[in-house]
Protein chains: 2
Amino acid sequence: MIQIRPSQAAGRRPAPRRVTLRELAAHAGVSRSTVSLVLRESPLVAALTRARVRESMAATGYVYDRGAARLRSGVSQAIGLVISEITNPFYAELTAGIDAVLDRAGWVAFLANTGDRTDRQERFLQRMREQKADGVLLCPASGTEAARLGEIAASGLPIVQILRRTGPMQGDYVGPDYRIGMALAVEHLCVRGHVRIGLIASDRRNSASRERLEGLTESLTRHGLTPALVAPCESSRAKAAALAASLMDRTDPPTALICHNDVIALGMLSGLQRLGRRPGSDVALIGFDNINECCTSIPALSSIATQPAEIGAAAADLLLRRIADPTGAPEQILLPPRLVIRET
Amino acid sequence: MIQIRPSQAAGRRPAPRRVTLRELAAHAGVSRSTVSLVLRESPLVAALTRARVRESMAATGYVYDRGAARLRSGVSQAIGLVISEITNPFYAELTAGIDAVLDRAGWVAFLANTGDRTDRQERFLQRMREQKADGVLLCPASGTEAARLGEIAASGLPIVQILRRTGPMQGDYVGPDYRIGMALAVEHLCVRGHVRIGLIASDRRNSASRERLEGLTESLTRHGLTPALVAPCESSRAKAAALAASLMDRTDPPTALICHNDVIALGMLSGLQRLGRRPGSDVALIGFDNINECCTSIPALSSIATQPAEIGAAAADLLLRRIADPTGAPEQILLPPRLVIRET
DNA sequence: GCAAGAATTTGGAATGATCCAAATCAGACC
DNA sequence: GGTCTGATTTGGATCATTCCAAATTCTTGC
């Protein structure tokens, strides 16, 4: 797996050796230590010296070697980002929010897309330890064991979980408040007189699904109701569209559907339409996440807005704080969603 | 920017020091060099010795330090991935394709989202050099200067461009064959008797836009036609929807529209519908990229399929080859699109 | 039992930065 | 001029690995 001497290819272009800190120091006529202090913006060096070193940097085209620095200092300015399903637009927005914060702070992120599989996740976490990332933002794949994450965290790699949390929620976590989201949706539907409300759910083995279901049940209970149905569905338009028929064939079909996310809701939307049902009048339909597409679908999809970019930003922020202070008290940050009512 | 001693936080959890190769060697009763060879799967070591070292690895919980290895060997097994617009589903698919290849090969990627701005791109490329990535997959931001990329490549950081290419296309590049895509669409439309065919375009300063326009013009010329209109539009549903009215208000409105990408096409789709036009019968509408959403929009969007995951995989493949052999001849790989006709 | 050759194993130097304690420098004051 | 003090600057050790040439061990044939 680790390559030995990857065919060094007897450089025709002779791979122009980089200027090192040592050479830079010689060029500026100061010691290595002084240059190092300048690089790290230390206030210890005299203004004049700093200026001279800066000039030499420009003149020689010096490039800082963060890897070498990391070896001694222990800080790599890099984190891992583990996403379970990057092709879902929601995660793309989340990623953009994270990326913006990291860029501003001068950090970089390793990206991995697990496809919600624990083996890929495990492999990637291992690589993060090998690369000595300073921390990891993790949306744990369904089926991740809390104990395993505990081990990794204990080995000195701070983890902030996003969107989903494993086990007894004690570590750092940032995500939407799914319960409030469900409460908003249920409230809205009950006011309109809906009584048979169903949930198109997802994999029960992750907290994001469980919390949605619990939120729904609690909210319905407050109105003296129970879920009319709970149908699991993979997160894909096609699967959701296909599911529509079997739901509507029932003897007592639901009058309102809340979907685990917008991808499913949009699939359901077109599935229902192909069956000749008109979402919004025949059947109420509410998605989750409020991705861009909701505004332009026909009819426009109502959705519970979870503000992925803000969640990403808050998570990145928290991870950087945790890296700076590994012993601080764990934080659980829940961002309240809003309900965006459109035509369905 | 570079932090000095980020508040080492007087470890309560005492940050369990990692086992080093030296300690591992002692545990296994061999030399550092031998352990190093085992780690790199060298055939030089005796099977028995290898087994012993492997046992010790498991027993001590050793974690390879790729950063330290890189310092000596020069290979980091990490690359940079620079995307211009991650929230576009097309790029998300592309990223997934890249990620799959890298994962299989045991590499990791640094991710950056430039938002199509050259300053962010420049900043990120600088960080890649500091982190000593072995290479970069780059979708150059509009306005990127070819000379700048040349400099960077000459400094020893291999670059494979994806989707867009700057300047005289001489470096490594992987992307769809936009011209063929346009030819397919034009052919299809002309056969149906369309004569007034328009293009909803994008920023002209990148090759992906220029090649689309050129492809369209060439294909139309072969039919003795010229573009009925070329309207620039930002890559957003809302902007595209808003644009619809002004297009249809013309005295001689186009009967067919080809859109720069599906995001724009879907915005246009709903914009047209709100104006009371029926895409597919009143106006032909063809998108570009064939993202998932095309199948489930109502009416289903016809689109030129560019197979992002395959492009990503091919690009990652090429970059790994280029890293292994920096002196090889540059390759330009164009993947032929297919036309997927649906309801519009 | 020994030489030759192949198969393994090894220790010192190197990679490019930071850390740290100690050295040097510059003023201020007597 | 000498001493004290605070501000700068410095060199040697160190971080965890690989490289390389040389040393050691094992086979084989006579």
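In this predicted model, a polar side-chain atom of Arg32(A) lies 2.9 Å from a base oxygen of DNA strand C, a polar contact in the sense of a pair of N or O atoms within 3.5 Å, where within protein one atom must be able to donate a hydrogen and the other to accept it, and residues adjacent in sequence count only if both atoms are side-chain atoms. Arg72(A) likewise places a polar side-chain atom 3.0 Å from a base oxygen of DNA strand C, whereas Leu21(A) has a polar backbone atom 2.3 Å from a phosphate oxygen of that strand. Two or more residues of the surface near DNA strand C (a heavy atom within 4 Å) come from each of helix H2 (32-39) and helix H4 (66-73) in chain A, and from each of helix H2 (32-39) and helix H4 (66-73) in chain B; helices here are DSSP runs of H or I with at least four residues and strands are runs of E with at least two, numbered from the N terminus. H4(A) gives the largest share, five residues.

Of the 27 residues around DNA strand C, those that come nearest are Leu21(A), Ser36(A), Arg40(A), Ser33(B) and Thr49(B). On the DNA side, 64% of the strand C atoms within 4 Å of the protein belong to sugar or phosphate, and the rest to bases.

The two protein chains also meet each other, with 72 residues of chain B in contact with 72 residues of chain A, contact being heavy atoms within 4.5 Å. The area buried between them is about 6700 Å², of which carbon and sulfur atoms give 53%; this is the accessible area (1.4 Å probe) lost on putting the two parts together, summed over both. Across this interface the rule finds 14 salt bridges, each a side-chain nitrogen of Lys or Arg within 4 Å of a carboxyl oxygen of Asp or Glu, and the side chains of Arg120(B) and Asp99(A) form one with an N to O distance of 2.7 Å. The largest share of the side of chain B that touches chain A, eight residues, comes from H6(B).

Strand S2 (residues 108-113) of chain A pairs with S2(B) in the antiparallel sense over three bridges, where pairing requires at least two DSSP bridges between the strands. Within this arrangement, Leu111(A) stands opposite Ala109(B).

Residues are numbered from 1 along each chain as its sequence is written, and chains are lettered from A and ligands numbered from 1 in the order in which they are written. Local features need pLDDT of at least 70 and side-chain atom pairs count only at pLDDT 80 or more, while totals for chains, interfaces and linings use all residues, and side-chain values use heavy atoms, with hydrogens and water left out.
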